[in-house]
Amino acid sequence: TSGINSAKCIDDNHSGTSDGTAIQIWDCNGTGAQVWLHDSPGRTTTFSVLGMCMDDTSSGTANGTKIQLYQCNNTGAQQWTPGPNGSLQMFGKCLDDPSSNITDGTQLQLYTCNGTNAQRWIYN
């Protein structure tokens with residue numbers, strides 16, 4: 001899964017498998033930390049890597065809520081819905097690259113959907 005605004009990918013920090021590991025932006029490199037599994041595009045799905053899921057910390061709904069790796073548990077904090085312009089949504093917010101920052105290691109967040117490239121993702 002990668003962002004529209006750069007050649008960056010959604011990455012599991014250091015290929016971590018512990019709850020709370022940061023989900024971040026990193027140069028696309030084809031490692032297992034960037035191979036996200038999910039259901040068919042176009043419907044609500046979980047995204048998993050290395051047996052863990054992309055998760056909204058504490059099911060937060062505030063802007064700036066960090067995205068982390070967590071045990072797959074099929075809760076709402078792990079259910080992503082495709083939205084307009086390649087966005088991924090949860091709790092009425094979008095998966096967001098803070099301030100369109102392309103610095104490796106920038107942790108992803110939830111943020112009010114705004115249609116910018118910071119919220120557009122390519123996944124198939």
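Today I will talk through the disulfides in this structure, which is a predicted model.

Let me begin with the general idea, which is that a disulfide is a covalent bond between the sulfur atoms of two cysteines. When the whole structure is searched, 3 disulfides turn up, and if we number the bonded cysteines of the protein chain in sequence order, they pair as 1-2, 3-4, 5-6.

We can start with C9 and C28, whose sulfur atoms are 2.0 Å apart. Because C9 sits in strand 2 (residues 8-12) while C28 belongs to the loop between strand 3 (23-27) and strand 4 (48-49), this pair ties together parts that are 19 residues apart in sequence. The link of C9 and C28 is right-handed, with 100 degrees about the S-S bond. Are these two cysteines buried or exposed? C9 has 9% relative accessibility and counts as buried, whereas C28, at 39%, is partly exposed.

Moving along the chain, we come to C53 and C72, with 2.1 Å between their sulfur atoms. Here C53 is in strand 5 (residues 52-56) and C72 is in the loop between strand 6 (67-71) and strand 7 (81-82), so that the pair links distant parts of the chain, 19 residues apart. C53 is buried, at 2% relative accessibility, and C72 is partly exposed, at 41%.

That leaves C94 and C113, which form a disulfide with their sulfur atoms 2.0 Å apart. C94 lies in strand 9 (residues 93-96), and C113 lies in the loop between strand 10 (109-112) and strand 11 (121-122). With a relative accessible area of 1%, C94 is buried, while C113 is partly exposed at 31%.

Technical notes
Residues numbered from 1 in each chain as written. Predicted model: local features only at pLDDT ≥ 70, side-chain atom pairs only at ≥ 80, totals over all residues. Heavy atoms only, no water. Disulfide = S-S within 2.5 Å. Helix = DSSP H or I, 4+ residues; strand = E, 2+ residues; numbered from the N terminus. Buried < 20%, exposed > 50% of the residue type's maximum accessible area, 1.4 Å probe, protein only.
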